[in-house]
Amino acid sequence: IYISISIMSLYLHDLGPEAVSYRHLLDEVKRQLDITYDEFDCWIYGFLENKKYNIRETVAKLQRRFAMEVNELATYNLTDYMRQSLRSGIVQFVGHDKLGRSVLYVMAQRDHPVSSHREENKRTFDMMLSYGTRLRADSKRCQMVMLINQEKASLWSNVDMTFQADIALRIAKFFPGAVDKMYICNMNRTLAAVAKPIFSRLPAIVSDRIIIVSDSELKAGKLLEYFDESVLPVALGGGNDCDHPEHWVEHATLVEGYYTQLKEAVLSYGLSVKEWERTCLERRHAPSVMLSTASDIYKADSLATCYSVTAEEYDNDDNDNDDDVARMDLGSEVLREADEWKNVMRSFPRPLALFFMEELQRWRIAVESEEIAARYKILDEHIAVRREMDISLPEINVKGTNWYKRTPVQLRFLYRFGFIALGVLNGVYFFAALVFLAVLSANVIATLFFGFFVRWNYIFPLGATLVMAFIQGFALCSRAVEMLVAMARGKVIRPFETIGTKLGSVAQMCFFVVLAAVQFIVFCIYATLYAPWHGLQVSFAVGWLSAVFVVTICHLVFFYDWLNARQRLRKGRNIIPLSLFVLLNLHEAAERDLDVYGITTSSYVICGIPVLLSMFLGIGFLVSRIIGFAAAVCTAAMLASFTATYYLDSMSNALSGKLLRTAVWIASLVWVFDCYAFGFLNDGHNWYVSVMIASIISIWFLFISFICLKKDEFHILPRLTVMSLLILFCATWISSFPIVGWMIGVFCLCLMFHNALGLLVSRAEMTNIGGVFVVSTATLLIIMSCTLLGWYGTNPHWTLPRSLPHETAAAAATTPLTPLAEYHRYPVCSLRTANGLVITDLALLTQLVNSYGTAAFFVDFKNWFNSTDFSYSGIVQEFSSGDGKWLLHRFDSTVYNQTVLVLYNGDAFSSMLAMTAWLGSIALSPLHIFLPASWSNNIVYIMSFVTQMIDFPWRHYEQQLVTYMRHLTAVSTKGLILTGSGVVGGIASMAGAHAQIQTVVFGSPGLLHLLRLTGLTVAEYHKYVLTVGASNGVLDNVGGQDITMTQKMFCNGNAVTCLSMEYISRELIQSCDTFGRRHI
């Protein structure tokens, strides 16, 4: 018995006495799996050690390994890229170390990883790992070592950390103990600084086996302690000159041959990998029908293994030949052939017979090698032809002669130039379409964000809609980015790629030609009827709006592969309903709890800097109330979200990465909301509930997402997190119906339905980093614009007088200006009402209310209007806006028979909310120059559809103001004029035009692009609204002005100075006043 046990434990002695001590556990594992072969002992021990000698878990892990061999390993198809990778010299087997382990030599400098080939690289590594850990006649350790040369390797171009983490996970799952050591040499400092934290977070089964060899150790010959000089490559101090293409090809041939027979054995004969390897070894050591004595064993090259062509080589023993052949189940044909060869060779002398058989074997090996090479050559040619015909890679080659077959040679250059020009021109159109789609998405997002502040509880129903709008905007712009990239590379864009390679390229060029023809016709018509510039605007608008239509159709239909044959045939991720994915498939939880991925310290630093910056800027804003900090908070929050998205986009654990990205975006938006709520709303106690609930939800979700980051996507925790997120979105969506209104609820439902289709049906990635960047940038710019314009467009509150006493009569005496001379100063100077009221009077009354409630009000009123009979009638209307109020002041004059109403708003945040009326015009500003005014009006109306779904306060204020002025007109006999400045002046323009009251506004946004949105006509706007602004003012350039009723004054100051009412009043006094009034 003792001798039997010693023989059975012989293979484990190679792993050391500790392995032998667990022989009884290994026997139990083999018994449960019905394994009787001792050659598997070292291989099984790797699984047993990995599961900490737990028999039940080891058996389960081995069963998963067997399933992986059938379902994954044996289903790989060798692609051109995989063959080229094997022959590129990146990796090669160079022999065995002193302990008999296979040595895989890796040259990292030659590796240029591409994320699109990551899956193929994984399959190639599986093949090499299986080959390196095969059962060999001289060793049953089933282990290998990796000798990695990092000389001149770059962290940025030669190392794919995500792929390395995936490989480490795969080794721990299916090849435990297989990679016994990893010797990393010539690693530069930058790479070492990044690699060491990553290695430390890998599973212990991998991290304990990584050895980084320093330069000094390498020069001292440390590696020669582990490898023979004949095995160690020359670059690492050895004598093995293996770094040549012929060695690479030999390595590739060995691995490919091994895998080809492995695949056949697993799929055709139902064997496991190790069972097949053992069968090959038994055949190799079985008595041969060719040879006669055991002394002729192993005539082949040392690299030949169980899969090799020498597997037909056998030892012979004449006495036992028939029994051995029967035991090996050789066919009758093989037996007849063997008998024939025996009869032929029996007449020869033994040395001659052996020589003849060796030569015959070499000849057979050479013939079979040539046959394999020819087969691969035919396969490569077939694949090359298929690649040219592959519908997944359609492209437009304007250099090809197929486009010019029937064209005279003299005109081919012109035709080619025309095709190139069409491509460039349509590229411009698709770029403009990308800009439009980005600003459209950003306009919707910004409107929903400012809608949070309409009521304290609006953040919850509008929050779900905002998240859905973000996802939809990212996906929509991602399609446009994909098309731009395809056009830049000469590819066929969707939806034309679904037609095929040739037809798709022809259809796309026909589309370009037809579009150019339509544009030319449109230009001719509009240039003839109106003007050439108008024709150019309409023609260009037709081009980029057509591109918008193509992108939108692609996004709505083709993006979900309903008509995309290429996507239906492409192997991708399975279509699994999200509910089943979340609720089912919860097996292997213990196996998948490995801490396989973690965020390194450097990643925390890179992604954490924008987060901390956003927090510090937000705190600075809450303390100082400086508007610059508010804009900086938005910038830092968007930067933090985008950085996290960019970093997490390459994570191997897709579900956890998406959860964390979503959590970071939600947390960033909630933080900006918190800063705005407490920074701008002085009556903050009304917002405590919403701020606290939103903050707690975002922090909890962010915390759980960080935990899920270290969990596999099949773990129950990420699934529960997804379910809780879906429940939250559904609850907030349902709440939008009673709180906000049915329109926003239906809109949110449409977005949720479309996004759900994208997640459940599409096989492609829903978003790309380009689309995320474009939408994030556009959203940031629009929110910042609305914030800054609303802040600086608010009427300031002055506590000191802005006027000076009248000049003396002698000083004021000047030669009166003629009306023509006044016009040459500013045309508006000649403006007078029927009773003599001038533009200066209206400007000073508008500025006067900025000091209401202080002594400065009466000082300024006396200095500016003491020579008139104007009287102040007080505040006649108040419009509540939280803690701020919009006030309507009234001034009356009997002499002038005039009533002047001045609309005032000193609350900055209500001005920001009022700027939502102009968000569509602001968003479309990059494309206004390419659009006629009437087209801009319609497009802004379409873009502002969300504004009409939310009851912003300025809509109620405008209606109340119209009602009051109509009532006052009905009961008063005096003339009525409405004035205002800044943002509130824009609302006054709407009310004045609706009430048909003469309105004069100063430094206020226009309404030309908002006519359809506000229900006005061009005639009403022209008849009742007059705008006075400054040349460098920003606010009065928003919304579109009627240039025939707009007065621009010269200003060489900054934008803040030029849009202020103080500058406009001072300039009008200096240029137009004839009563000696003065301004500070």
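The following legends describe close-up views of a predicted model.

**Figure 1. Overall composition of the predicted protein model.** The secondary structure comes to 42 helices and 14 strands. Of the 1080 residues of the protein, 53% count as buried. Among contacts between residues at least 6 apart in sequence, 73% join residues at least 24 apart. A search of the whole structure finds 28 salt bridges. Several of these salt bridges are treated in the views below.

**Figure 2. Crossing of helices H3 and H5.** Helix H3 comprises residues 23–33, and the axes of H3 and H5 come within 10 Å and cross at roughly 50°. The two helices are therefore oblique to each other. The crossing in which H3 passes H5 is right-handed. On the H3 side, the contact is made by Leu25, Glu28, Val29, Gln32 and Leu33. On the H5 side, the contributing residues are Ile55, Thr58, Val59, Leu62, Gln63 and Phe66. By class, the contact has seven nonpolar, three polar and one charged residues.

**Figure 3. The salt bridge between Arg65 and Glu69 within helix H5.** The side chains of Arg65 and Glu69 meet at 2.7 Å, N to O. Both residues lie in H5, which spans residues 55–71, and they are four residues apart, about one turn of the helix. Arg65 counts as buried because its relative accessible area is 2%, under the 20% limit for that class. Glu69 is likewise buried, with a relative accessible area of 2%.

**Figure 4. The salt bridge between Asp126 of helix H7 and Arg170 of helix H8.** The side chains of Asp126 and Arg170 meet at 2.8 Å, N to O. The pair links distant parts of the chain, with Asp126 in H7 and Arg170 in H8 (residues 161–174), 44 residues apart. Asp126 counts as buried, at 1% relative accessibility. Arg170 is also buried, with a relative accessible area of 16%.

**Figure 5. Surroundings of Glu72 in the loop between H5 and H6.** Glu72 lies in the loop that runs between H5 and helix H6 (80–86). Its relative accessible area is 30%, so Glu72 is partly exposed. Leaving aside neighbours within four places in sequence, Glu72 is in contact with Ala67 and Arg170. Arg170 is also the salt-bridge partner of Asp126. Glu72 and Asp126 are 54 residues apart in sequence and 9.8 Å apart in space, C-alpha to C-alpha.

**Figure 6. Environment of Ser130 in helix H7.** Ser130 lies in H7, which spans residues 118–132. Ser130 counts as buried because its relative accessibility is 3%. Leaving aside neighbours within four places in sequence, Ser130 is in contact with Leu73, Phe175, Tyr258, Leu262 and Glu277. Asp126 also lies in H7.

**Figure 7. The salt bridge between Arg802 and Glu1062.** The side chains of Arg802 and Glu1062 meet at 2.4 Å, N to O. Arg802 lies in the loop between helix H29 (769–792) and strand E6 (803–804), whereas Glu1062 lies in helix H42 (residues 1061–1072), so the pair ties together parts that are 260 residues apart in sequence. At 14% relative accessibility, Arg802 counts as buried. Glu1062 is buried as well, with a relative accessible area of 13%.

**Figure 8. A network of salt bridges that share partners.** Arg23, Asp27, Lys30, Asp38 and Asp41 are joined into one network by these shared partners. Helix H3 spans residues 23–33.

**Figure 9. Position of Leu613 in helix H23.** Leu613 lies in H23, which covers residues 601–624. Its relative accessibility is 41%, so Leu613 counts as partly exposed. Leu613 and Ala636 are 23 residues apart in sequence, and their C-alpha atoms are 6.4 Å apart in space.

Note on methods:
Residues are numbered from 1 along each chain as its sequence is written. This is a predicted model: local features need pLDDT of at least 70, side-chain atom pairs count only at pLDDT 80 or more; totals for chains, interfaces and linings use all residues. Side-chain values use heavy atoms; hydrogens and water are left out. Buried means under 20% relative accessible area, exposed over 50%, partly exposed in between (1.4 Å probe, protein chains only). Contact means heavy atoms within 4.5 Å. A salt bridge is a side-chain nitrogen of Lys or Arg within 4 Å of a carboxyl oxygen of Asp or Glu. Axes are lines fitted to C-alpha atoms, for helices over the stretch in contact, and angles run from 0 to 180 degrees between N-to-C directions. Angles under 35 degrees count as roughly parallel, over 145 as roughly antiparallel, 65 to 115 as roughly perpendicular and the rest as oblique. A crossing is left-handed if the near helix is turned anticlockwise from the far one by less than a right angle, and right-handed if clockwise. Ala, Val, Leu, Ile, Met, Phe, Trp, Tyr, Cys and Pro count as nonpolar, Asp, Glu, Lys and Arg as charged, and the others, Gly among them, as polar.
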